[in-house]
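This report describes strands, sheets and salt bridges in one protein. Please look at the sequence and the structure first, then read on.

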Amino acid sequence: GAVWVANADDGTVTRIDPGTRKIVQTIGTGTSASDIAVGEGAVWVASGSEGTLLRIDPRTNTVVRTIRLGGPDKLAPEGVYSVVTGDGAVWVGSGSGAVLKIDPATDREVGRVPVGPTPTDIAFGNGELWVVRIGGRVLRIDPAKGALTGAVAAAPYARAIAAGVGGVWVTDATFEGHGLVWRIDPATVTISGGPTTLPTPPAGVATGGGAVWVAGGSSGTVIEIDPASGSTRSIGVGNAPLDVAYGGGELWVTVGTREDSP
């Protein structure tokens, strides 16, 4: 019943009422934010290089737990760069080259799946966990077994990943003034057809309402992709769209200054 926004620069999370489009409350976290997820009865905030996962109770709008995640030797924190919920757990992409499984009943790490170089983004869809890591490799994880079940080399400069509307979608910033979105078949973990070319390097990606949505960064647009035809439509929103989320029949877009764009 809310929209949650992680404000990376000032260490806060904002709760928005989707009906009134007004801020309900801004919650101080005391830490930076690299990602945010909602599920399993809480709001979860990844703190980037600070190595913590924050749990916010949506009933009280307060931080109720700061979960410190140690590296393999448990002596030093490991970066917490992405977070998603699914299959009764909270999943964290860590700087140690692993995806961590957190039990929301105890707020403790109960498993870890090695994935190689740092995961840049993770998503849950089709009953599976999907990871894109530095170097552009996309991995499929069986959440029940906590094991890798497929991998494909997709996007050399992969940035974000989303699962839904018949595929797994990976954004690719080519550093040539434009971008790509690759479609992966969730059943075979293979690239499905050629990529969709975008007029701008992409940022975040989401699925919903029968479409794929991509934040267009410095172009000031959100790009809608028809998954059936691959056709695109650009929607002007101004400045630099950084991320997108779909819920309740609406698309929500976070917008920064052009200096913030990828």
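Ile 36 stands opposite Val 45 in strand E5. This pair belongs to the contact between strands E4 and E5, which run antiparallel and are joined by five bridges. Helices (H or I, at least four residues) and strands (E, at least two) are DSSP runs, numbered from the N terminus. Two strands count as paired if DSSP finds at least two bridges between them.

The model is predicted: local features need pLDDT of at least 70, side-chain atom pairs count only at pLDDT 80 or more, and totals for chains, interfaces and linings use all residues. Residues are numbered from 1 along each chain as its sequence is written, and side-chain values use heavy atoms, with hydrogens and water left out. The predictor's confidence in each residue, from 0 to 100, is called pLDDT. Its mean for the protein is 91, and 94% of the residues reach 70 or more. Among the elements, strand E20 (residues 196-198) has the lowest mean pLDDT, 90, and E21 the highest, 98.

**Two open sheets**

Strands E4 and E5 are part of an open sheet of four strands with the order E4-E5-E6-E7 and antiparallel pairing. At its edges are strand E4 (35-39) and strand E7 (62-68), each of which pairs on one side only. On average, neighbouring strands of this sheet are turned by 20° against each other, direction ignored. For such angles, axes are lines fitted to C-alpha atoms, for helices over the stretch in contact, and angles run from 0 to 180 degrees between N-to-C directions.

Another open sheet has three strands in the order E1-E2-E3, again with antiparallel pairing. Strand E1 (3-7) and strand E3 (22-28) stand at its edges with a single partner strand each, so one side of each has no neighbour in the sheet. Here the average turn between neighbouring strands is 25°, direction ignored. E1 pairs with strand E2 (residues 12-17) over five bridges, and Asn 7 stands opposite Thr 12 in E2.

**A hairpin**

E21 and E22 form a hairpin with two residues between them, and Gly 209 in the turn has a positive phi of about 65°. Strand E22 (residues 211-215) runs antiparallel to E21, and four bridges join them. Gly 208 stands opposite Ala 211 in E22. In a regular strand the side chains alternate between the two faces of the sheet. Both faces of strand E21 (residues 205-208) are covered: Val 205 and Thr 207 on one side are buried, and so are Ala 206 and Gly 208 on the other. Buried means under 20% relative accessible area, exposed over 50%, and partly exposed in between (1.4 Å probe, protein chains only).

**Salt bridges**

A salt bridge is a side-chain nitrogen of Lys or Arg within 4 Å of a carboxyl oxygen of Asp or Glu. By this rule the count comes to six, including those in the table.

| Pair | Closest N and O atoms |
|---|---|
| Asp 107 and Arg 55 | 2.7 Å |
| Arg 65 and Asp 107 | 3.2 Å |
| Arg 233 and Glu 224 | 2.6 Å |

Arg 55, Arg 65 and Asp 107 are linked in a network of salt bridges. Asp 107 is buried, with a relative accessible area of 9%, and Arg 55 is buried too. Arg 65 is partly exposed at 40%, and Arg 233 is partly exposed at 46%.
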